[in-house]
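Biologist: I would like to go through this model with you, one question at a time. Keep the answers short and show the reasoning.

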Amino acid sequence: MDTVTITSGKYRGRKIATPGAATHPMGSRERLALFNMLDERIKNAYLLDAFAGSGALGIEALSRGSIKVVFVDDSVKAVQTIKKNLKVLGIDKEATVIKTKAANIGNDFLNFDVILADPPYDNFNQGEIECLTNTLKSGGLMALSHPDDAPVLEGLTLLKSRQYANAHVSIYVKN
């Protein structure tokens, strides 16, 4: 079974399972860069981990002080893996795991402080990403991993974007 290592915070060095070849976990270098760009905004945040896969991004956020994370993935295997990882770390009470497409998260969850979105690059759907912005509170941040230049997202302003090999990580703020 493949694993990912949590890079910092309370669970630094702990290994979590991945759902396997169906996902592409963000590399540790990119995860470190992403969380360095978000800096203190993670602490005490209500956070959405969209396209969650193994849950590594949301677990990293909990490790760094987020108070609640909603994990969303449409794969049964990914949802099972996330639940297992949360249970192994003893943090299943700080999390909600939902099996659905990210665009379907809808009105049940509003006013996220931060959204972490690492969608599949081979099927990057900007419309699905834009649906997520409805759940982000004004002034909230969206961190998006994407294959090409930073997309223009309606209602969001691009704050910064960095490239790491074939991956781009961009931070947006909701107007």
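Biologist: Is Tyr46 buried, partly exposed or exposed?

Modeller: A caution before the answer: this is a predicted model. The relative accessible area of Tyr46 is 21%. Buried means under 20% and exposed means over 50%. Tyr46 is therefore partly exposed.

Biologist: Which class of aromatic pair do Tyr46 and Phe112 form?

Modeller: A search of the whole structure gives one aromatic pair. The ring centres of Tyr46 and Phe112 are 4.6 Å apart, and their planes meet at 25°. Planes under 30 degrees apart count as stacked. So the pair of Tyr46 and Phe112 is stacked.

Biologist: How many residues apart in sequence are the parts that this pair ties together?

Modeller: Tyr46 belongs to strand β3, residues 46–50. Phe112 belongs to strand β6, residues 112–117. The pair therefore links parts whose separation in sequence is 66 residues.

Biologist: Is Phe112 buried or exposed?

Modeller: Phe112 has a relative accessible area of 0%. The cut-off for buried is under 20%. So Phe112 is buried.

Biologist: Which residue offers its backbone oxygen to a polar atom of the Arg31 side chain, at 3.0 Å?

Modeller: Start with the setting: Arg31 is in helix α1, residues 28–38, and is buried at 2% relative accessibility. Beyond its neighbours within four places in sequence, Arg31 is in contact with Val4, Thr5, Ile6, Thr7, Met26, Ala56, Leu57 and Glu60. The backbone oxygen 3.0 Å from a polar side-chain atom of Arg31 is that of Thr5.

Biologist: Which side chain is joined to that of Ser145 by a polar contact of 3.2 Å?

Modeller: Ser145 sits in strand β7, residues 136–146. At 3% relative accessibility, Ser145 counts as buried. Leaving out residues up to four places away in sequence, Ser145 touches Met26, Ala117, Asp118, Pro119, Tyr121, Phe124 and His168. The 3.2 Å polar contact joins the side chain of Ser145 to that of Asp118.

Biologist: What volume does the largest pocket have, and which residues are closest to its centre?

Modeller: The space in the largest pocket comes to about 570 Å³. Its lining has 30 residues. Those closest to the centre are Phe51, Asp73, Asp118, Pro119 and Pro120.

Biologist: How many residues of that lining are charged?

Modeller: Split the lining of the largest pocket by residue class. There are 13 nonpolar residues and nine polar ones. Asp counts as charged, and Asp73 and Asp118 are among the residues closest to the centre. The number of charged residues in the lining is eight.

Conventions
Residues are numbered from 1 along each chain as its sequence is written. This is a predicted model: local features need pLDDT of at least 70, side-chain atom pairs count only at pLDDT 80 or more; totals for chains, interfaces and linings use all residues. Side-chain values use heavy atoms; hydrogens and water are left out. On a 1 Å grid over the protein atoms alone, a cavity is a set of points where a 1.4 Å probe fits but cannot get out, and a pocket is an open set with protein on both sides within 12 Å along at least five of seven lines; lining residues have an atom within 4 Å of a point. Grid points are joined across faces, edges and corners, and a volume is the space filled by probe spheres set on the points. Rings of Phe, Tyr and Trp (its six-membered ring) pair if their centres lie within 6.5 Å; planes under 30 degrees apart count as stacked, over 60 as edge-to-face and the rest as tilted. Helices (H or I, at least four residues) and strands (E, at least two) are DSSP runs, numbered from the N terminus. Buried means under 20% relative accessible area, exposed over 50%, partly exposed in between (1.4 Å probe, protein chains only). A polar contact is a pair of N or O atoms within 3.5 Å; within protein, one must be able to donate a hydrogen and the other to accept it, and residues adjacent in sequence count only if both atoms are side-chain atoms. Contact means heavy atoms within 4.5 Å.
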